[in-house]
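Colleague: Could you take a close look at one helix of this model and describe how it sits against its surroundings?

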There are 2 protein chains.
Amino acid sequence: MGTVDVTKLLRTAPVRGFLLDITGVLYNSSEGSDGVTIQGSVDAVARLYKESRVRFLSNESTHTTEKVVAKLRRLGFTLEESDVITPAPVAADYLRQRELRPHLLLHPGVSSYFPTSSPDANCVLLGDAEHEFSFHNVNEAFRALMRMKKPLLVTLGQGKFYQRTDGPTIDVGAYAEALKYSSGCDHVVIGKPSAEYFQYAIDAIRVPATETVMIGDDLISDVGGAQRFGMRGIQVRTGKWRPEWEHHPTVSPDLIVNNLAAAVNSILDAQQQRGVQNHV
Amino acid sequence: MGTVDVTKLLRTAPVRGFLLDITGVLYNSSEGSDGVTIQGSVDAVARLYKESRVRFLSNESTHTTEKVVAKLRRLGFTLEESDVITPAPVAADYLRQRELRPHLLLHPGVSSYFPTSSPDANCVLLGDAEHEFSFHNVNEAFRALMRMKKPLLVTLGQGKFYQRTDGPTIDVGAYAEALKYSSGCDHVVIGKPSAEYFQYAIDAIRVPATETVMIGDDLISDVGGAQRFGMRGIQVRTGKWRPEWEHHPTVSPDLIVNNLAAAVNSILDAQQQRGVQNHV
(Lines give C-alpha, C1' and ligand atoms only; values in the text may rest on other atoms or scores of the structure.)
Protein backbone atom coordinates (compact mmCIF):
# COMPACT_ATOMS: atom_id res chain seq x y z
CA MET A 1 0.00 0.00 0.00
CA GLY A 2 2.77 2.44 0.98
CA THR A 3 2.24 5.42 3.21
CA VAL A 4 0.52 8.49 1.83
CA ASP A 5 1.52 11.92 3.06
CA VAL A 6 -1.66 13.51 4.35
CA THR A 7 -0.01 16.50 6.02
CA LYS A 8 -1.29 18.94 3.43
CA LEU A 9 -4.78 17.40 3.44
CA LEU A 10 -5.10 17.71 7.22
CA ARG A 11 -3.68 21.23 7.46
CA THR A 12 -7.05 23.00 7.38
CA ALA A 13 -9.21 20.76 9.56
CA PRO A 14 -9.47 17.17 10.79
CA VAL A 15 -11.53 14.66 8.79
CA ARG A 16 -14.49 13.33 10.72
CA GLY A 17 -16.82 12.37 7.90
CA PHE A 18 -16.21 10.22 4.81
CA LEU A 19 -18.47 10.28 1.75
CA LEU A 20 -17.62 7.40 -0.55
CA ASP A 21 -18.57 6.98 -4.17
CA ILE A 22 -19.52 3.36 -4.82
CA THR A 23 -18.75 2.19 -8.36
CA GLY A 24 -15.04 2.45 -9.10
CA VAL A 25 -14.24 3.04 -5.41
CA LEU A 26 -15.69 0.01 -3.60
CA TYR A 27 -15.72 -2.27 -6.66
CA ASN A 28 -15.14 -2.23 -10.41
CA SER A 29 -18.25 -2.97 -12.43
CA SER A 30 -18.51 -5.66 -15.04
CA GLU A 31 -21.54 -6.32 -17.20
CA GLY A 32 -23.49 -9.45 -16.45
CA SER A 33 -21.88 -9.98 -13.03
CA ASP A 34 -21.62 -8.18 -9.68
CA GLY A 35 -18.15 -6.88 -10.54
CA VAL A 36 -14.90 -7.15 -8.61
CA THR A 37 -14.18 -5.78 -5.14
CA ILE A 38 -11.28 -3.30 -5.12
CA GLN A 39 -8.41 -4.49 -2.94
CA GLY A 40 -8.66 -3.39 0.70
CA SER A 41 -12.01 -1.63 0.32
CA VAL A 42 -14.04 -4.12 2.42
CA ASP A 43 -11.68 -3.60 5.38
CA ALA A 44 -11.56 0.16 4.80
CA VAL A 45 -15.35 0.40 5.03
CA ALA A 46 -15.32 -1.74 8.18
CA ARG A 47 -12.71 0.57 9.75
CA LEU A 48 -14.73 3.67 8.86
CA TYR A 49 -17.84 2.20 10.50
CA LYS A 50 -15.78 1.51 13.64
CA GLU A 51 -13.66 4.65 13.92
CA SER A 52 -15.37 7.49 12.07
CA ARG A 53 -18.54 8.36 10.22
CA VAL A 54 -19.37 7.22 6.68
CA ARG A 55 -22.05 7.56 4.01
CA PHE A 56 -22.13 6.22 0.45
CA LEU A 57 -22.94 8.81 -2.20
CA SER A 58 -23.65 7.37 -5.63
CA ASN A 59 -25.17 8.58 -8.91
CA GLU A 60 -26.53 5.07 -9.59
CA SER A 61 -29.97 5.56 -11.12
CA THR A 62 -30.86 2.26 -12.72
CA HIS A 63 -31.33 0.21 -9.53
CA THR A 64 -33.00 0.81 -6.18
CA THR A 65 -30.87 1.46 -3.10
CA GLU A 66 -32.00 -1.94 -1.84
CA LYS A 67 -30.49 -3.65 -4.89
CA VAL A 68 -27.29 -1.60 -4.68
CA VAL A 69 -26.86 -2.67 -1.05
CA ALA A 70 -27.67 -6.33 -1.79
CA LYS A 71 -24.93 -6.34 -4.43
CA LEU A 72 -22.40 -4.73 -2.09
CA ARG A 73 -23.20 -7.33 0.57
CA ARG A 74 -22.67 -10.12 -1.97
CA LEU A 75 -19.27 -8.55 -2.70
CA GLY A 76 -18.39 -8.81 1.00
CA PHE A 77 -19.20 -5.33 2.37
CA THR A 78 -20.94 -4.78 5.68
CA LEU A 79 -23.07 -1.63 5.59
CA GLU A 80 -26.48 -0.18 6.45
CA GLU A 81 -28.99 0.45 3.65
CA SER A 82 -29.94 3.78 5.25
CA ASP A 83 -26.34 4.96 4.77
CA VAL A 84 -26.51 4.64 0.98
CA ILE A 85 -27.66 7.71 -0.96
CA THR A 86 -28.74 7.42 -4.60
CA PRO A 87 -30.47 10.10 -6.71
CA ALA A 88 -33.85 8.43 -7.31
CA PRO A 89 -35.21 8.41 -3.71
CA VAL A 90 -33.72 11.87 -3.11
CA ALA A 91 -35.51 13.11 -6.24
CA ALA A 92 -38.74 11.49 -5.04
CA ASP A 93 -38.42 13.50 -1.79
CA TYR A 94 -37.62 16.64 -3.79
CA LEU A 95 -40.79 16.26 -5.89
CA ARG A 96 -43.01 15.51 -2.87
CA GLN A 97 -41.73 18.50 -0.89
CA ARG A 98 -42.47 20.84 -3.81
CA GLU A 99 -45.74 19.15 -4.82
CA LEU A 100 -44.34 18.50 -8.28
CA ARG A 101 -46.25 16.14 -10.59
CA PRO A 102 -43.71 14.49 -12.87
CA HIS A 103 -43.82 13.16 -16.39
CA LEU A 104 -41.37 10.25 -16.11
CA LEU A 105 -38.65 9.07 -18.45
CA LEU A 106 -36.30 6.84 -16.51
CA HIS A 107 -34.96 3.35 -16.07
CA PRO A 108 -37.62 0.78 -15.11
CA GLY A 109 -35.29 -0.23 -12.25
CA VAL A 110 -36.09 2.96 -10.28
CA SER A 111 -39.68 3.71 -11.35
CA SER A 112 -40.97 2.22 -8.06
CA TYR A 113 -39.86 5.40 -6.24
CA PHE A 114 -42.28 7.58 -8.21
CA PRO A 115 -45.97 7.94 -8.98
CA THR A 116 -46.97 7.18 -12.57
CA SER A 117 -46.62 9.98 -15.12
CA SER A 118 -49.14 12.75 -14.61
CA PRO A 119 -51.18 13.90 -17.64
CA ASP A 120 -51.07 17.33 -15.97
CA ALA A 121 -47.33 17.20 -15.24
CA ASN A 122 -45.52 20.33 -14.02
CA CYS A 123 -42.04 18.83 -14.41
CA VAL A 124 -40.24 16.14 -16.35
CA LEU A 125 -38.16 13.68 -14.35
CA LEU A 126 -35.35 12.24 -16.42
CA GLY A 127 -32.98 9.43 -15.51
CA ASP A 128 -30.57 7.20 -17.38
CA ALA A 129 -33.41 5.51 -19.24
CA GLU A 130 -31.11 3.60 -21.62
CA HIS A 131 -33.28 1.83 -24.23
CA GLU A 132 -36.33 3.77 -23.06
CA PHE A 133 -34.73 6.80 -24.78
CA SER A 134 -36.69 6.17 -27.99
CA PHE A 135 -37.58 9.07 -30.27
CA HIS A 136 -41.20 8.69 -29.20
CA ASN A 137 -40.41 8.81 -25.47
CA VAL A 138 -37.97 11.72 -25.78
CA ASN A 139 -40.51 13.63 -27.86
CA GLU A 140 -43.27 12.92 -25.32
CA ALA A 141 -41.03 14.36 -22.58
CA PHE A 142 -40.39 17.38 -24.81
CA ARG A 143 -44.11 17.88 -25.41
CA ALA A 144 -44.81 17.60 -21.68
CA LEU A 145 -42.30 20.44 -21.11
CA MET A 146 -43.88 22.52 -23.89
CA ARG A 147 -47.30 22.24 -22.19
CA MET A 148 -45.96 23.70 -18.92
CA LYS A 149 -46.20 27.39 -17.99
CA LYS A 150 -42.74 27.20 -16.39
CA PRO A 151 -41.10 24.12 -17.94
CA LEU A 152 -38.90 22.32 -15.39
CA LEU A 153 -36.59 19.40 -15.95
CA VAL A 154 -35.33 17.38 -12.97
CA THR A 155 -32.60 14.86 -13.79
CA LEU A 156 -30.98 12.04 -11.85
CA GLY A 157 -27.38 13.22 -12.35
CA GLN A 158 -26.01 14.84 -15.48
CA GLY A 159 -23.44 12.27 -16.59
CA LYS A 160 -21.88 12.59 -20.04
CA PHE A 161 -21.25 8.88 -20.54
CA TYR A 162 -20.19 5.80 -18.66
CA GLN A 163 -17.97 2.90 -19.53
CA ARG A 164 -19.63 -0.40 -20.40
CA THR A 165 -17.79 -3.58 -21.32
CA ASP A 166 -18.94 -3.07 -24.95
CA GLY A 167 -17.85 0.58 -25.06
CA PRO A 168 -18.58 4.09 -23.78
CA THR A 169 -22.31 4.68 -23.43
CA ILE A 170 -24.16 7.98 -23.63
CA ASP A 171 -25.72 9.07 -20.32
CA VAL A 172 -28.65 11.10 -19.02
CA GLY A 173 -26.83 14.45 -19.27
CA ALA A 174 -26.93 14.25 -23.06
CA TYR A 175 -30.71 13.93 -23.11
CA ALA A 176 -31.00 16.71 -20.55
CA GLU A 177 -29.06 19.00 -22.91
CA ALA A 178 -31.32 17.96 -25.79
CA LEU A 179 -34.51 18.82 -23.89
CA LYS A 180 -33.06 22.10 -22.56
CA TYR A 181 -32.04 23.21 -26.04
CA SER A 182 -35.44 22.55 -27.59
CA SER A 183 -37.74 23.64 -24.77
CA GLY A 184 -35.76 26.34 -22.95
CA CYS A 185 -36.70 24.66 -19.64
CA ASP A 186 -35.12 25.21 -16.23
CA HIS A 187 -32.97 22.33 -15.00
CA VAL A 188 -32.42 20.90 -11.52
CA VAL A 189 -29.84 18.14 -11.12
CA ILE A 190 -30.25 15.60 -8.33
CA GLY A 191 -26.91 13.86 -8.15
CA LYS A 192 -23.23 14.72 -7.99
CA PRO A 193 -21.91 17.36 -8.60
CA SER A 194 -25.02 19.38 -7.69
CA ALA A 195 -24.94 21.35 -4.45
CA GLU A 196 -28.44 20.13 -3.49
CA TYR A 197 -27.21 16.55 -3.56
CA PHE A 198 -24.07 17.23 -1.52
CA GLN A 199 -26.23 19.13 0.97
CA TYR A 200 -28.46 16.08 1.29
CA ALA A 201 -25.38 13.96 2.05
CA ILE A 202 -24.08 16.46 4.63
CA ASP A 203 -27.48 16.49 6.33
CA ALA A 204 -27.34 12.69 6.42
CA ILE A 205 -23.81 12.30 7.74
CA ARG A 206 -24.19 15.16 10.27
CA VAL A 207 -20.60 16.36 9.97
CA PRO A 208 -19.78 19.88 8.74
CA ALA A 209 -18.68 20.03 5.08
CA THR A 210 -15.32 21.45 6.19
CA GLU A 211 -14.64 18.27 8.19
CA THR A 212 -15.87 15.89 5.48
CA VAL A 213 -14.01 14.37 2.55
CA MET A 214 -15.51 12.97 -0.64
CA ILE A 215 -13.59 10.00 -2.06
CA GLY A 216 -14.34 9.23 -5.69
CA ASP A 217 -13.02 8.07 -9.04
CA ASP A 218 -14.61 10.90 -11.06
CA LEU A 219 -12.45 14.02 -11.01
CA ILE A 220 -15.17 16.44 -12.09
CA SER A 221 -18.27 15.03 -10.45
CA ASP A 222 -16.83 13.65 -7.20
CA VAL A 223 -13.68 15.66 -6.51
CA GLY A 224 -14.49 18.99 -8.17
CA GLY A 225 -18.13 18.91 -7.06
CA ALA A 226 -17.16 18.26 -3.43
CA GLN A 227 -14.55 21.02 -3.45
CA ARG A 228 -17.02 23.56 -4.82
CA PHE A 229 -19.29 22.59 -1.94
CA GLY A 230 -16.55 23.29 0.65
CA MET A 231 -15.42 19.73 1.22
CA ARG A 232 -12.02 18.23 0.48
CA GLY A 233 -11.98 15.96 -2.57
CA ILE A 234 -9.86 12.80 -2.79
CA GLN A 235 -9.15 11.09 -6.10
CA VAL A 236 -8.61 7.32 -6.18
CA ARG A 237 -6.61 5.72 -8.97
CA THR A 238 -9.31 3.08 -9.53
CA GLY A 239 -12.53 2.87 -11.55
CA LYS A 240 -12.76 5.44 -14.35
CA TRP A 241 -9.63 7.35 -13.19
CA ARG A 242 -7.32 8.47 -16.02
CA PRO A 243 -3.62 9.40 -15.62
CA GLU A 244 -4.06 12.69 -17.53
CA TRP A 245 -6.47 13.92 -14.84
CA GLU A 246 -3.50 14.41 -12.50
CA HIS A 247 -2.60 17.49 -14.56
CA HIS A 248 -6.15 18.74 -15.10
CA PRO A 249 -6.45 22.45 -15.93
CA THR A 250 -9.26 23.25 -13.50
CA VAL A 251 -9.64 20.53 -10.82
CA SER A 252 -6.81 19.66 -8.43
CA PRO A 253 -7.66 17.00 -5.80
CA ASP A 254 -6.69 17.61 -2.18
CA LEU A 255 -5.19 14.12 -2.20
CA ILE A 256 -4.51 11.45 -4.83
CA VAL A 257 -4.26 7.85 -3.64
CA ASN A 258 -3.99 4.44 -5.23
CA ASN A 259 -7.28 3.27 -3.73
CA LEU A 260 -9.85 3.75 -0.99
CA ALA A 261 -7.89 1.77 1.62
CA ALA A 262 -4.82 3.99 1.20
CA ALA A 263 -6.92 7.12 1.81
CA VAL A 264 -8.81 5.77 4.81
CA ASN A 265 -5.81 4.19 6.57
CA SER A 266 -3.50 7.15 5.99
CA ILE A 267 -5.99 9.68 7.31
CA LEU A 268 -7.16 7.69 10.33
CA ASP A 269 -3.60 6.62 11.25
CA ALA A 270 -2.26 10.17 11.00
CA GLN A 271 -5.07 11.58 13.12
CA GLN A 272 -4.59 8.84 15.73
CA GLN A 273 -0.88 9.65 15.92
CA ARG A 274 -1.67 13.32 16.43
CA GLY A 275 -4.29 12.53 19.04
CA VAL A 276 -7.10 13.94 16.86
CA GLN A 277 -10.47 12.26 17.35
CA ASN A 278 -11.59 10.52 14.14
CA HIS A 279 -15.21 10.69 15.27
CA VAL A 280 -17.40 13.77 15.59
CA MET B 1 -53.01 43.15 -50.21
CA GLY B 2 -52.48 46.79 -49.33
CA THR B 3 -49.28 48.67 -50.06
CA VAL B 4 -46.24 48.12 -47.90
CA ASP B 5 -43.85 51.00 -47.29
CA VAL B 6 -40.47 49.78 -48.47
CA THR B 7 -38.69 53.14 -48.29
CA LYS B 8 -36.64 52.15 -45.28
CA LEU B 9 -35.82 48.72 -46.70
CA LEU B 10 -34.52 50.21 -49.96
CA ARG B 11 -32.56 53.03 -48.37
CA THR B 12 -29.23 51.17 -48.28
CA ALA B 13 -29.24 49.37 -51.64
CA PRO B 14 -31.58 48.04 -54.30
CA VAL B 15 -32.83 44.45 -54.07
CA ARG B 16 -31.69 42.33 -57.00
CA GLY B 17 -31.75 38.88 -55.44
CA PHE B 18 -34.48 37.06 -53.51
CA LEU B 19 -33.83 34.02 -51.31
CA LEU B 20 -37.11 32.41 -50.32
CA ASP B 21 -37.71 29.96 -47.54
CA ILE B 22 -40.14 27.28 -48.72
CA THR B 23 -42.32 25.84 -45.94
CA GLY B 24 -44.43 28.57 -44.34
CA VAL B 25 -43.59 31.02 -47.16
CA LEU B 26 -44.70 29.26 -50.35
CA TYR B 27 -47.16 26.91 -48.64
CA ASN B 28 -48.32 25.79 -45.22
CA SER B 29 -47.56 22.17 -44.45
CA SER B 30 -50.13 19.63 -43.39
CA GLU B 31 -49.37 16.07 -42.45
CA GLY B 32 -50.54 13.43 -44.90
CA SER B 33 -51.10 15.88 -47.75
CA ASP B 34 -49.07 18.32 -49.85
CA GLY B 35 -50.24 21.25 -47.76
CA VAL B 36 -51.90 24.49 -48.84
CA THR B 37 -50.44 27.15 -51.13
CA ILE B 38 -50.19 30.56 -49.44
CA GLN B 39 -52.27 33.19 -51.22
CA GLY B 40 -50.43 35.02 -53.99
CA SER B 41 -47.21 33.04 -53.67
CA VAL B 42 -47.49 31.20 -57.02
CA ASP B 43 -47.79 34.54 -58.87
CA ALA B 44 -45.05 36.10 -56.73
CA VAL B 45 -42.61 33.33 -57.68
CA ALA B 46 -43.57 33.72 -61.35
CA ARG B 47 -42.93 37.48 -61.17
CA LEU B 48 -39.53 36.94 -59.51
CA TYR B 49 -38.49 34.54 -62.27
CA LYS B 50 -39.51 37.16 -64.86
CA GLU B 51 -38.23 40.38 -63.29
CA SER B 52 -35.45 39.57 -60.84
CA ARG B 53 -33.35 36.66 -59.57
CA VAL B 54 -34.57 34.00 -57.13
CA ARG B 55 -33.35 30.92 -55.25
CA PHE B 56 -35.18 28.77 -52.72
CA LEU B 57 -33.29 28.19 -49.47
CA SER B 58 -34.79 25.53 -47.23
CA ASN B 59 -33.72 23.51 -44.17
CA GLU B 60 -35.82 20.55 -45.38
CA SER B 61 -33.81 17.45 -44.60
CA THR B 62 -36.25 14.56 -44.81
CA HIS B 63 -36.84 14.62 -48.58
CA THR B 64 -34.64 14.99 -51.65
CA THR B 65 -34.65 18.26 -53.57
CA GLU B 66 -36.37 16.35 -56.38
CA LYS B 67 -39.28 15.46 -54.10
CA VAL B 68 -39.48 18.99 -52.70
CA VAL B 69 -39.73 20.37 -56.24
CA ALA B 70 -42.28 17.76 -57.31
CA LYS B 71 -44.50 18.78 -54.41
CA LEU B 72 -44.16 22.49 -55.20
CA ARG B 73 -45.14 21.79 -58.82
CA ARG B 74 -48.20 19.86 -57.67
CA LEU B 75 -49.10 22.93 -55.59
CA GLY B 76 -48.96 25.07 -58.74
CA PHE B 77 -45.46 26.59 -58.66
CA THR B 78 -43.24 26.88 -61.71
CA LEU B 79 -39.58 26.61 -60.75
CA GLU B 80 -36.27 24.98 -61.65
CA GLU B 81 -34.99 22.12 -59.52
CA SER B 82 -31.46 23.55 -59.70
CA ASP B 83 -32.72 26.72 -57.98
CA VAL B 84 -33.75 24.84 -54.83
CA ILE B 85 -31.14 24.53 -52.08
CA THR B 86 -31.58 22.00 -49.26
CA PRO B 87 -28.97 20.99 -46.66
CA ALA B 88 -28.46 17.32 -47.60
CA PRO B 89 -26.86 17.77 -51.05
CA VAL B 90 -24.88 20.77 -49.77
CA ALA B 91 -23.58 18.61 -46.91
CA ALA B 92 -22.70 15.85 -49.38
CA ASP B 93 -20.58 18.40 -51.31
CA TYR B 94 -19.04 19.60 -48.05
CA LEU B 95 -17.98 16.06 -47.09
CA ARG B 96 -16.60 15.27 -50.56
CA GLN B 97 -14.54 18.47 -50.72
CA ARG B 98 -12.94 17.71 -47.36
CA GLU B 99 -12.60 13.95 -47.92
CA LEU B 100 -14.73 13.29 -44.85
CA ARG B 101 -15.98 9.74 -44.27
CA PRO B 102 -19.28 10.00 -42.40
CA HIS B 103 -21.05 7.81 -39.90
CA LEU B 104 -24.69 8.53 -40.83
CA LEU B 105 -27.72 9.13 -38.65
CA LEU B 106 -30.38 10.77 -40.77
CA HIS B 107 -33.78 10.42 -42.35
CA PRO B 108 -34.03 7.59 -44.88
CA GLY B 109 -35.51 10.16 -47.29
CA VAL B 110 -32.11 11.82 -47.83
CA SER B 111 -29.69 8.91 -47.39
CA SER B 112 -29.35 8.60 -51.20
CA TYR B 113 -27.10 11.69 -51.19
CA PHE B 114 -24.44 9.96 -49.09
CA PRO B 115 -22.19 6.91 -49.12
CA THR B 116 -23.03 4.25 -46.52
CA SER B 117 -21.64 4.71 -43.00
CA SER B 118 -17.90 4.23 -42.87
CA PRO B 119 -16.51 1.87 -40.19
CA ASP B 120 -13.50 4.22 -40.16
CA ALA B 121 -15.60 7.41 -39.99
CA ASN B 122 -13.92 10.76 -39.32
CA CYS B 123 -17.20 12.63 -38.82
CA VAL B 124 -20.79 11.99 -37.85
CA LEU B 125 -23.46 13.35 -40.18
CA LEU B 126 -26.68 14.01 -38.32
CA GLY B 127 -30.05 14.98 -39.78
CA ASP B 128 -33.63 15.05 -38.56
CA ALA B 129 -33.72 11.25 -38.30
CA GLU B 130 -37.10 11.17 -36.50
CA HIS B 131 -37.82 7.56 -35.46
CA GLU B 132 -34.27 6.54 -36.36
CA PHE B 133 -33.22 8.45 -33.20
CA SER B 134 -33.31 5.27 -31.10
CA PHE B 135 -31.04 4.93 -28.08
CA HIS B 136 -29.00 2.38 -30.00
CA ASN B 137 -28.50 4.64 -33.03
CA VAL B 138 -27.72 7.74 -30.96
CA ASN B 139 -25.22 5.73 -28.91
CA GLU B 140 -23.59 4.33 -32.06
CA ALA B 141 -23.15 7.91 -33.34
CA PHE B 142 -21.67 8.85 -29.95
CA ARG B 143 -19.26 5.91 -30.06
CA ALA B 144 -18.22 6.82 -33.60
CA LEU B 145 -17.32 10.32 -32.32
CA MET B 146 -15.41 8.85 -29.38
CA ARG B 147 -13.27 6.78 -31.75
CA MET B 148 -12.14 9.87 -33.69
CA LYS B 149 -8.93 11.76 -32.99
CA LYS B 150 -10.70 15.03 -33.68
CA PRO B 151 -14.42 14.28 -33.28
CA LEU B 152 -16.51 16.26 -35.77
CA LEU B 153 -20.27 16.50 -35.98
CA VAL B 154 -21.90 17.83 -39.17
CA THR B 155 -25.64 18.48 -38.89
CA LEU B 156 -28.34 19.28 -41.42
CA GLY B 157 -29.61 22.43 -39.66
CA GLN B 158 -29.85 22.90 -35.91
CA GLY B 159 -33.61 23.25 -35.45
CA LYS B 160 -35.05 23.17 -31.94
CA PHE B 161 -38.43 21.76 -32.94
CA TYR B 162 -41.03 21.98 -35.66
CA GLN B 163 -44.79 22.00 -35.63
CA ARG B 164 -46.61 18.84 -36.66
CA THR B 165 -50.36 18.43 -36.78
CA ASP B 166 -50.14 16.21 -33.66
CA GLY B 167 -47.95 18.68 -31.75
CA PRO B 168 -44.48 20.26 -31.54
CA THR B 169 -41.77 17.77 -32.45
CA ILE B 170 -38.16 17.74 -31.29
CA ASP B 171 -35.65 18.42 -34.07
CA VAL B 172 -32.07 17.62 -35.02
CA GLY B 173 -30.55 20.46 -32.95
CA ALA B 174 -31.53 18.68 -29.74
CA TYR B 175 -29.60 15.56 -30.70
CA ALA B 176 -26.66 17.69 -31.82
CA GLU B 177 -26.53 19.24 -28.32
CA ALA B 178 -26.71 15.77 -26.77
CA LEU B 179 -23.74 14.48 -28.79
CA LYS B 180 -21.72 17.67 -28.25
CA TYR B 181 -22.24 17.50 -24.49
CA SER B 182 -21.14 13.88 -24.19
CA SER B 183 -18.31 13.77 -26.73
CA GLY B 184 -16.93 17.33 -26.72
CA CYS B 185 -16.94 17.23 -30.55
CA ASP B 186 -16.65 20.17 -32.93
CA HIS B 187 -19.86 21.09 -34.74
CA VAL B 188 -20.50 22.33 -38.27
CA VAL B 189 -24.06 23.26 -39.21
CA ILE B 190 -25.16 22.96 -42.84
CA GLY B 191 -28.43 24.86 -42.96
CA LYS B 192 -29.84 28.21 -41.95
CA PRO B 193 -28.67 30.21 -39.98
CA SER B 194 -25.08 29.06 -40.63
CA ALA B 195 -22.84 31.42 -42.61
CA GLU B 196 -21.55 28.52 -44.75
CA TYR B 197 -25.07 27.82 -45.95
CA PHE B 198 -25.91 31.44 -46.75
CA GLN B 199 -22.58 31.67 -48.60
CA TYR B 200 -23.62 28.67 -50.69
CA ALA B 201 -26.88 30.44 -51.56
CA ILE B 202 -25.09 33.69 -52.45
CA ASP B 203 -22.72 31.75 -54.70
CA ALA B 204 -25.74 30.16 -56.36
CA ILE B 205 -27.79 33.31 -56.90
CA ARG B 206 -24.74 35.38 -57.99
CA VAL B 207 -25.98 38.62 -56.43
CA PRO B 208 -23.97 40.35 -53.66
CA ALA B 209 -25.32 39.74 -50.14
CA THR B 210 -25.89 43.48 -49.75
CA GLU B 211 -28.34 43.42 -52.70
CA THR B 212 -30.08 40.21 -51.61
CA VAL B 213 -33.05 39.73 -49.28
CA MET B 214 -34.00 36.58 -47.41
CA ILE B 215 -37.75 36.12 -46.99
CA GLY B 216 -38.76 33.65 -44.31
CA ASP B 217 -41.20 32.74 -41.57
CA ASP B 218 -38.55 31.94 -38.95
CA LEU B 219 -37.34 35.08 -37.18
CA ILE B 220 -34.12 33.60 -35.82
CA SER B 221 -33.04 31.21 -38.54
CA ASP B 222 -34.21 33.08 -41.66
CA VAL B 223 -34.30 36.77 -40.71
CA GLY B 224 -31.62 36.94 -38.02
CA GLY B 225 -29.31 34.53 -39.84
CA ALA B 226 -29.54 36.51 -43.08
CA GLN B 227 -28.91 39.81 -41.31
CA ARG B 228 -25.80 38.47 -39.58
CA PHE B 229 -24.59 37.45 -43.03
CA GLY B 230 -25.01 41.00 -44.37
CA MET B 231 -28.34 40.52 -46.15
CA ARG B 232 -31.64 42.17 -45.38
CA GLY B 233 -34.16 39.89 -43.67
CA ILE B 234 -37.89 40.01 -44.34
CA GLN B 235 -40.41 38.39 -41.99
CA VAL B 236 -43.69 37.05 -43.41
CA ARG B 237 -46.75 36.71 -41.19
CA THR B 238 -47.38 33.16 -42.42
CA GLY B 239 -46.13 29.70 -41.45
CA LYS B 240 -44.65 29.52 -37.96
CA TRP B 241 -44.71 33.32 -37.46
CA ARG B 242 -45.81 34.45 -34.00
CA PRO B 243 -47.13 37.93 -33.12
CA GLU B 244 -44.75 38.29 -30.15
CA TRP B 245 -41.79 38.10 -32.53
CA GLU B 246 -42.58 41.64 -33.72
CA HIS B 247 -41.18 42.88 -30.41
CA HIS B 248 -38.27 40.45 -30.19
CA PRO B 249 -35.37 41.58 -27.97
CA THR B 250 -32.55 40.75 -30.39
CA VAL B 251 -33.84 40.34 -33.96
CA SER B 252 -35.61 43.14 -35.80
CA PRO B 253 -36.59 42.39 -39.43
CA ASP B 254 -35.84 44.96 -42.13
CA LEU B 255 -39.45 44.51 -43.24
CA ILE B 256 -42.53 42.72 -41.92
CA VAL B 257 -45.22 41.76 -44.44
CA ASN B 258 -48.42 39.76 -44.44
CA ASN B 259 -47.07 37.28 -46.98
CA LEU B 260 -44.58 36.65 -49.76
CA ALA B 261 -46.66 38.37 -52.45
CA ALA B 262 -46.79 41.61 -50.44
CA ALA B 263 -43.01 41.66 -50.13
CA VAL B 264 -42.26 40.83 -53.75
CA ASN B 265 -44.82 43.19 -55.29
CA SER B 266 -43.99 46.12 -53.00
CA ILE B 267 -40.27 45.88 -53.65
CA LEU B 268 -40.45 45.32 -57.41
CA ASP B 269 -43.13 48.00 -57.86
CA ALA B 270 -41.19 50.57 -55.83
CA GLN B 271 -37.97 49.92 -57.73
CA GLN B 272 -39.78 50.14 -61.06
CA GLN B 273 -41.27 53.49 -60.07
CA ARG B 274 -37.83 54.74 -59.11
CA GLY B 275 -36.32 53.45 -62.33
CA VAL B 276 -34.08 50.99 -60.46
CA GLN B 277 -33.34 47.78 -62.33
CA ASN B 278 -34.79 44.76 -60.53
CA HIS B 279 -32.28 42.52 -62.27
CA VAL B 280 -28.52 42.32 -61.75
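The exchange below follows one helix of chain A outward to its neighbours.

Colleague: How does helix α4 of chain A pack against helix α5 of chain A, and across which strands does α4(A) lie?

Modeller: Please bear in mind that this is a predicted model. Helix α4(A) covers residues 135-147 and helix α5(A) covers residues 172-183; their axes lie 10 Å apart and make an angle of about 45°. Because an angle counts as roughly parallel only under 35 degrees and as roughly perpendicular from 65 to 115, α4(A) is oblique to α5(A). The crossing in which α4(A) passes α5(A) is right-handed.

On the side of α4(A), the contact is made by Val138(A), Ala141(A), Phe142(A), Leu145(A) and Met146(A), while α5(A) contributes Tyr175(A), Leu179(A), Ser182(A) and Ser183(A). Sorted by class, seven of the residues in this contact between α4(A) and α5(A) are nonpolar and two are polar, and no charged residue takes part.

Turning from the helix partner to the strands, α4(A) lies across β6, β7 and β8 of chain A, and runs at about 165° to β6(A). These strands belong to an open sheet of four strands in chain A, whose order is β6-β7-β8-β11 and whose pairing is parallel. Strands β6 (102-105) and β11 (186-190) of chain A stand at the edges with a single partner strand each, so that one side of each has no neighbour in the sheet. On average, and with direction ignored, neighbouring strands of this sheet are turned by 20° against each other.

Within that sheet, strand β7(A), residues 123-126, and strand β8(A), residues 152-156, run parallel and are joined by three bridges. Across this pairing, Leu126(A) stands opposite Thr155(A) of β8(A).

For the wider setting, chain A also holds an open sheet of six strands in the order β5-β4-β1-β12-β13-β14, again with parallel pairing. Its edges are taken by β5 (84-85) and β14 (255-257) of chain A, and each of these has a single partner strand, so one side of each is left without a neighbour in the sheet.

Finally, chain A meets a second chain: 28 residues of chain B are in contact with 28 residues of chain A. The area buried between the two chains is about 2600 Å², with carbon and sulfur atoms giving 65% of this area. Of the area that chain B buries against chain A, Phe135(B), Ile170(B) and Tyr181(B) supply 31%, which is more than any other three residues.

How values were computed: Residues numbered from 1 in each chain as written. Chains lettered and ligands numbered in written order. Predicted model: local features only at pLDDT ≥ 70, side-chain atom pairs only at ≥ 80, totals over all residues. Heavy atoms only, no water. Axes fitted to C-alpha atoms, helices over the stretch in contact; angles between N-to-C directions. Helix = DSSP H or I, 4+ residues; strand = E, 2+ residues; numbered from the N terminus. Parallel < 35°, antiparallel > 145°, perpendicular 65-115°, else oblique. Left-handed = near helix turned anticlockwise from the far one by under 90°. Contact = heavy atoms within 4.5 Å. Nonpolar A, V, L, I, M, F, W, Y, C, P; charged D, E, K, R; others polar. Pairing = 2+ DSSP bridges. Buried area = accessible area lost by both parts, 1.4 Å probe.
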